[in-house]
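Please work through the exercises below with the sequence and the model side by side, and try each task before reading its solution.

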Amino acid sequence: MIKYAAIIEARMCSSRLPGKVILNVNKIPMIILLIDRLCQVKAIDRIIVATTKDKNNDKLCQLLKKNKVNFFRGSEKNVLDRVLKSALKYKVKNIVQITGDCPLIDPEIVSQVISI
């Protein structure tokens with residue numbers, strides 16, 4: 001059983017900026033920047049990206065595979081179901097739910113929230 005997992009909700013079909021989760025920030029895909037920052041949180045045992053089964057997310061999944069990042073593909077419409085099924089698949093006890101469009105998340109604040 002995984003005690004704490006960060007489950008990142010991410011998909012390519014943003015209505016305002018499609019593909020934003022893989023756009024580069026300083027030559028690094030935004031989702032990878034976010035994952036790198038979450039890796040600094042000592043309490044997190046696993047990072048999982050929860051995306052959808054939609055074929056538009058294939059490019060995101062290829063990037064995740066290339067970077068050896070765990071992911072789960074589920075419902076497009078029901079984000080909570082997608083996160084829950086991700087947790088069940090990976091046997092996660094506590095979920096740290098993160099949105100995929102937040103690459104500058106503060107690892108210290110995430111650590112503080114977990115400790116509380």
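The exercises that follow treat cysteines, a helix pair, backbone angles and a loop proline, each with a worked solution.

This is a predicted model, in which local features need pLDDT of at least 70 and side-chain atom pairs count only at pLDDT 80 or more, while totals for chains, interfaces and linings use all residues. Residues are numbered from 1 along each chain as its sequence is written, and side-chain values use heavy atoms, with hydrogens and water left out.

**Exercise 1. Cysteines**

Determine how many disulfides the model holds, and state whether Cys39 and Cys61 are buried or exposed.

Solution. Begin with the criterion, by which a disulfide is a pair of cysteine sulfur atoms within 2.5 Å. For Cys39, the closest cysteine sulfur belongs to Cys102 and lies 15 Å away, which is too far for a bond. For Cys61, the closest cysteine sulfur is that of Cys13, at 12 Å, and this is again too far for a bond. The count by this rule is zero disulfides.

For the second part, buried means under 20% relative accessible area, exposed over 50%, and partly exposed in between, with a 1.4 Å probe and protein chains only. Cys39 has a relative accessible area of 56% and is therefore exposed, whereas Cys61, with 4%, is buried.

**Exercise 2. A helix pair**

Describe how the axes of helix H1 and helix H2 cross, and name the residues that make the contact.

Solution. Helices (H or I, at least four residues) and strands (E, at least two) are DSSP runs, numbered from the N terminus. Two packed helices are described by the angle between their axes and the distance between the axes. Axes are lines fitted to C-alpha atoms, for helices over the stretch in contact, with angles running from 0 to 180 degrees between N-to-C directions. The axes of H1 (residues 30-38) and H2 (residues 58-66) come within 11 Å and cross at roughly 40°. Angles under 35 degrees count as roughly parallel, over 145 as roughly antiparallel, 65 to 115 as roughly perpendicular and the rest as oblique, and H1 and H2 are therefore oblique to each other.

Next, look at the residues in contact, where contact means heavy atoms within 4.5 Å. On H1 the contact is made by Ile31, Ile32 and Ile35, and on H2 by Leu60, Leu63 and Leu64. As for burial, seven of the nine residues of H1 are buried, namely Met30, Ile31, Ile32, Leu33, Leu34, Ile35 and Leu38.

**Exercise 3. Positive phi**

Find where Lys27 and Lys91 lie, and give the phi of each.

Solution. Most residues other than glycine have a negative phi, and most peptide bonds are trans. Lys27 nevertheless has a positive phi of about 70° although it is not a glycine; Lys27 sits in the loop between strand S2 (24-25) and strand S3 (28-29), and it is exposed at a relative accessible area of 77%. Lys91 has a positive phi near 55°, lies in the loop between helix H3 (79-89) and strand S6 (92-99), and counts as exposed at 54% relative accessibility.

**Exercise 4. A loop proline**

Is Pro103 buried or exposed, and which residues does it touch?

Solution. Pro103 is placed in the loop between S6 and helix H4 (107-115), and with a relative accessible area of 12% it is buried. Not counting residues up to four places away in sequence, Pro103 touches Met30, Leu33, Leu34 and Arg37. Pro103 and Arg37 are 66 residues apart in sequence, yet 7.8 Å apart in space, C-alpha to C-alpha.
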